[in-house]
Amino acid sequence: MGKKIAKWAGVALAAVLTTNMLGNGGAKAEGDSSNLFGDVQTGHWAASGISKGVAKGYVAGYTNGTFKPDMNVTRAEFVKMVVSALNLQVGSQTDKWYAPYVASAGEQGLYKTDDFANTETNWNKTLTREEMARIASRAIGQKENEKEHPWMYIPEGKWMYTATKNGLMTGVGRGEIAPDGTTTRAQAVVVIERILAANAGEKLPVDKYAVSSAEVYWHGTNIFTVMPEVFYAPEKWIGSNGKNESADFWNEKKMTVKSRDGLYEGKLDTLIAIDLADPNDPNLKLLPPIKELKWDNNVGNQNINDLPVSKQMNSYILYYKTRTISNKRPEVYSTHFPPHFQISGFDSPNRDDFYKKGILNTITRVYHKEPFDTTAWILPKKGYVRSSSISIGVRTPTAGNYGYLVSDILEFSYPQSTGE
């Protein structure tokens with residue numbers, strides 16, 4: 001599987017602690033698994049997982065009494081541990097110590113040749129966090145990224161989302177998922193213990209900030225994680241066309257817009273939902289200071305100091321970034337503005353309240369010093385009316401027949417209701 005290299009806004013793809021896992025037999029078991037190792041004291045964050053892993057026999061310490069929790073793990077080492085922890089059937093030893101475990105992993109769907117070629121060089125490479133997410137997700141029966149429907153477009157990167165959403169992995173910092181980061185022995189054992197717990201029916205705690213970042217890494221938005229009560233597919237749609245959840249309806253291909261004449265191309269890079277009611281939301285840093293932001297009720301003579309965002313903290317901000325990829329007809333397509341972000345499907349139950357009384361009861365723009373200087377919208381959590389359809393799209397920065405509106409990045413239709 002090709003590696004997805006993306007640095008979406010709001011997602012910290014920083015490197016993590018380097019880590020590694022037990023190999024073919026580079027480590028030898030300690031006699032008493034209840035004793036912590038010299039380099040794994042009782043207060044170590046992974047002490048419990050390491051103790052359990054050693055007791056179950058799928059990992060071991062070293063003869064010098066250490067565990068080396070921060071040592072990097074290879075792909076082969078992690079597969080061996082997972083196969084052993086799951087008690088999968090393993091064939092006879094061959095000239096390559098890892099081969100029987102790889103064969104078993106292949107039979108159980110934990111490894112596929114689409115991931116990478118089955119060669120010694122590949123198996124000896126350090127395991128990335130994204131690769132760990134893929135194996136861990138498969139180990140609990142998740143299959144949404146599999147190429148079972150070749151006619152469907154499935155963007156890369158969903159394994160991190162799947163693993164974090166199911167509680168198998170957490171962030172390495174608030175809102176940091178580090179998909180390209182390496183995996184340590186300690187991290188590997190903790191994830192394997194979560195796999196075993198999930199397979200035993202245990203509900204795992206979830207790091208919501210990691211899920212949010214993983215969703216952005218997957219397909220450029222986190223609206224389904226942060227605003228699930230707003231953006232959701234009608235129940236009858238779930239499961240249709242091979243989709244598993246509302247987030248699968250986001251069409252990443254449609255984030256790129258081309259003009260009808262083919263001379264302009266632009267892109268919505270990212271759409272980030274920010275929960276103003278959560279002071280720890282890591283994406284607040286994308287905005288100017290909240291106390292300086294205003295919301296626009298589309299009344300030209302409105303005093304800009306009358307409508308502060310700071311008085312609307314039970315709301316969501318939708319922050320977006322668009323850019324021009326190419327413009328071969330600057331006399332038609334603006335060179336001053338990127339593609340226009342479009343969102344529709346939200347209305348006010350009382351427009352006089354919105355326009356005349358300054359009551360935020362629908363979606364509207366946010367600005368800092370003057371209108372249109374901030375690429376963000378605000379939607380209150382309560383009080384708005386959801387129309388029979390919601391759509392998100394992007395169009396070329398021009399009017400008239402040259403404009404081409406893409407309205408199907410996301411498009412849901414359902415009965416009209418009031419936001420709650």
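## Salt bridges at and below the surface

In this predicted model, Lys-356 is exposed, with a relative accessible area of 67%, and its partner in a salt bridge is Asp-352, the closest N and O atoms of the two being 3.8 Å apart. Asp-352 itself counts as partly exposed, at 44% relative accessibility. Side chains of opposite charge can pair when their charged atoms come close. The structure holds 17 salt bridges, and two others help to show in what kinds of surroundings such pairs are found here.

Lys-96 forms a salt bridge with Asp-95, with 3.7 Å between the closest N and O atoms; Asp-95 counts as exposed at 73% relative accessibility, whereas Lys-96 is partly exposed, with a relative accessible area of 30%. The salt bridge of Lys-267 with Asp-269, where the closest N and O atoms are 4.0 Å apart, has another setting. Lys-267 counts as buried at 15% relative accessibility, and Asp-269 is likewise buried, with a relative accessible area of 15%. Buried means under 20% relative accessible area, so the value of 15% places Lys-267 in that class.

## An enclosed helix

How many of the eight residues of helix H6 are buried? Seven of them are, so this helix, which covers residues 158-165, is largely enclosed by the rest of the structure. The buried residues are Lys-158, Trp-159, Met-160, Tyr-161, Thr-162, Ala-163 and Thr-164, a list in which Lys-158 stands beside residues such as Trp-159 and Met-160. The parts of the structure against which these buried residues pack are helix H5 (129-139), helix H8 (208-219) and helix H9 (223-226).

Two residues of H6 also return us to the topic of charge, since Lys-158 and Lys-165 are linked with Glu-245 and Asp-248 in a network of salt bridges. Just after the helix, Gly-167 takes a positive phi of about 80 degrees.

## Nonpolar cores

The largest nonpolar core has 87 residues, and those with the most contacts inside it are Ile-223, Phe-231, Trp-250 and Leu-318. Helix H7 (residues 185-199) gives the largest share of this core, namely eight residues. A second, separate core has 17 residues, among them Leu-287, Trp-295, Val-309 and Tyr-319.

Ile-223 offers a way to look into the larger core through a single residue. With its neighbours within four places in sequence left aside, Ile-223 is in contact with Glu-215, Pro-228, Phe-231, Trp-250, Leu-271, Ala-273, Leu-318, Ile-392 and Leu-410. Three of the names in this list, Phe-231, Trp-250 and Leu-318, are also named with Ile-223 among the residues that have the most contacts inside the core.

## Aromatic rings

The count of aromatic pairs comes to 17. In one of them, the rings of Tyr-111 and Phe-116 have their centres 5.2 Å apart and their planes at 45 degrees, so the pair is tilted. Both Tyr-111 and Phe-116 are buried. In another, the rings of Trp-295 and Phe-354 have their centres 5.7 Å apart and their planes at 35 degrees, so this pair is tilted as well. The pair of Trp-295 and Phe-354 links distant parts of the chain, 59 residues apart, with Trp-295 in strand S3 (residues 294-295) and Phe-354 in helix H10 (residues 351-355). Both Trp-295 and Phe-354 are buried.

Tyr-111 and Phe-116 also belong to one aromatic cluster with Trp-97, Tyr-98 and Trp-123. Rings can be found with charged groups too: the charged end of Lys-68 sits over the ring of Tyr-62, 4.4 Å from its centre, and Lys-243 lies over the face of Phe-249, at 5.4 Å from the ring centre.

## A proline in a loop

Pro-282 is found in the loop between strand S2 (264-275) and S3. Is this residue buried or exposed? At 11% relative accessibility, Pro-282 counts as buried.

Which residues is Pro-282 in contact with, once its neighbours within four places in sequence are left aside? They are Arg-174, Gly-175 and Tyr-209. Pro-282 and Tyr-209 are 73 residues apart in sequence, while their C-alpha atoms are 7.5 Å apart in space.

Technical notes:
Residues are numbered from 1 along each chain as its sequence is written. This is a predicted model: local features need pLDDT of at least 70, side-chain atom pairs count only at pLDDT 80 or more; totals for chains, interfaces and linings use all residues. Side-chain values use heavy atoms; hydrogens and water are left out. Buried means under 20% relative accessible area, exposed over 50%, partly exposed in between (1.4 Å probe, protein chains only). Helices (H or I, at least four residues) and strands (E, at least two) are DSSP runs, numbered from the N terminus. Contact means heavy atoms within 4.5 Å. A salt bridge is a side-chain nitrogen of Lys or Arg within 4 Å of a carboxyl oxygen of Asp or Glu. A nonpolar core is a set of buried Ala, Val, Leu, Ile, Met, Phe, Trp, Tyr and Cys residues joined through side-chain atoms within 4.5 Å. Rings of Phe, Tyr and Trp (its six-membered ring) pair if their centres lie within 6.5 Å; planes under 30 degrees apart count as stacked, over 60 as edge-to-face and the rest as tilted. A charge sits over a ring if NZ of Lys or CZ of Arg is within 6 Å of the ring centre and within 35 degrees of the ring normal.
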